[in-house]
Amino acid sequence: MAKESIQAIKEALLTVTDATDERLASWREDERSGVQQAIKQWERRQLAKEKEWQLFKEMSQFEEAAYKKGHRLIAGIDEVGRGPLAGPVVTAAVILPKDCQLLGLNDSKKLSAKKRETLYNQIQEQAVAIGLGIADQGVIDQINIYQATRQAMKMAIDDLAFTPDYLLIDAMQLDVPQPQESLIKGDARSISIAAASIIAKVTRDRLMEEYDELYPGYGFKNNAGYGTKEHLLGLEKYGVTPIHRRTFAPIKDMI
């Protein structure tokens, strides 16, 4: 009887999820180096999935604690864009279903752009509700970045299709009626806040790509408005744009 081709085994391994699968024992006895390499790749994938599951469980602890207290609509809230010289601060509020399985959730800054886009789409598909809040540079200059962020977070809560009964917020306290928990580095500790971080990050990056077309020469598509060398050189050459924050240095010294 002819042996299975190495390609056929590779394709079959993509469907194997159980380490006790009888086929694995058979393939491990196959002396062909291509088969052994394929098995090692499968083992690495399984290990990575196990680590993702472990991280997901660890990051679900705050949501689980809230469920035990009787809360059902738990919103994670985060912001993106407090530090840039240009563009808005964007916030998101995300209510995830209790049984969601969004492996890979983490602080959006720790994820590749491709991974963020993938998770963004998965969150859009699985979330109970998603709300967005945006405070532009005019609001930031008028009431300062901290207050603008708080205002945008409350906008994101109001934008939700369902009113949350508990809030998990990344390093911020809000004057809203719902009970809340402020978590330092919450986007790396809570699945709900991580989901909000990803939604806010992808939304803001897309906005800055649009601004890059409106105001070429500053590299907004690459730097998202942060003070990179390309951005600072653009300021020197082209001056201040309508989306620059006039209360931020070095902008305020240029007007």
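## A guided tour from Asn144 to helix H3

Select Asn144 to begin: this residue is partly exposed, with a relative accessible area of 39%. In this classification, buried means under 20% relative accessible area, exposed means over 50%, and partly exposed covers the range in between, with a 1.4 Å probe and protein chains only. The structure is a predicted model, in which local features need pLDDT of at least 70 and side-chain atom pairs count only at pLDDT 80 or more, while totals for chains, interfaces and linings use all residues. Residues are numbered from 1 along each chain as its sequence is written, and side-chain values use heavy atoms, with hydrogens and water left out.

**Backbone stops**

Remain at Asn144 and display its backbone. Although Asn144 is not a glycine, its phi is positive, at about 80 degrees. The residue sits in the loop between helix H6 (137-143) and H7. Helices (H or I, at least four residues) and strands (E, at least two) are DSSP runs, numbered from the N terminus.

Which loop holds Ala171? Ala171 belongs to the loop between S4 and S5. Ala171 is another non-glycine residue with a positive phi, in this case near 55 degrees. Its relative accessible area of 37% makes Ala171 partly exposed.

Next, select Ala249 and Pro250. The peptide bond leading from Ala249 to Pro250 is cis, with omega near 5 degrees. Pro250 is placed in the segment after helix H10 (229-238).

**Salt bridges**

Return to the loop between S4 and S5 and select Asp175, which is exposed, with a relative accessible area of 54%. How many salt bridges does a search of the whole structure find? The search finds ten; a salt bridge is a side-chain nitrogen of Lys or Arg within 4 Å of a carboxyl oxygen of Asp or Glu.

Asp175 and Arg150 form one of these through their side chains, at 3.7 Å from N to O. Asp175 lies in the loop between strand S4 (166-170) and strand S5 (180-183), whereas Arg150 lies in helix H7 (residues 145-158), so the pair ties together parts that are 25 residues apart in sequence. Arg150 is buried, at a relative accessible area of 17%.

Add Lys154 to the selection. The side chains of Asp175 and Lys154 also meet in a salt bridge, at 2.8 Å from N to O. Because Asp175 is in the loop between S4 and S5 and Lys154 is in helix H7, this pair ties together parts that are 21 residues apart in sequence. Lys154 is partly exposed, with a relative accessible area of 27%.

Then move to Lys201 and Asp205, whose side chains meet in a salt bridge of 3.3 Å from N to O. These residues are four apart in helix H8 (residues 191-214), so about one helical turn separates Lys201 from Asp205. Are Lys201 and Asp205 buried or exposed? Both are buried. Asp107, Lys109 and Asp187, in turn, are joined into one network by salt bridges that share partners.

**Aromatic pairs**

A pair of aromatic rings is described by the distance of the centres and the angle of the planes. Rings of Phe, Tyr and Trp (its six-membered ring) pair if their centres lie within 6.5 Å; planes under 30 degrees apart count as stacked, over 60 as edge-to-face and the rest as tilted. A search of the whole structure finds four aromatic pairs. Among them is the edge-to-face pair of Trp53 and Phe56, with 6.0 Å from centre to centre and 85 degrees between the planes. Trp53 and Phe56 are three residues apart in helix H3, and so are separated by about one helical turn. Trp53 is partly exposed at 34% relative accessibility, whereas Phe56 is buried at 9%.

For a further aromatic view, select Tyr218, Phe220 and Tyr238, which ring pairs link into a cluster.

**Along helix H3**

Finally, select Glu43, which lies in helix H3 and is partly exposed at 34% relative accessibility. A distance monitor from Glu43 to Leu13 joins residues 30 apart along the chain, with their C-alpha atoms separated by 9.9 Å.

The last selection is Arg45, also located in helix H3 (residues 33-59). With a relative accessible area of 32%, Arg45 is partly exposed. What gathers on the surface with Arg45? Lys40, Arg44, Arg45 and Lys49 form a patch of positive charge there. Patches are made of residues with over 30% relative accessible area and no salt bridge, with like charges joined within 9 Å and nonpolar side chains (Val, Leu, Ile, Met, Phe, Trp, Tyr) within 5 Å. Lys and Arg count as positive and Asp and Glu as negative, while His and the chain ends are not counted. The place of a charge is taken as NZ of Lys, CZ of Arg, CG of Asp or CD of Glu. Accessible areas come from the Shrake-Rupley method with a 1.4 Å probe, and for residues only the protein chains shown count as cover.
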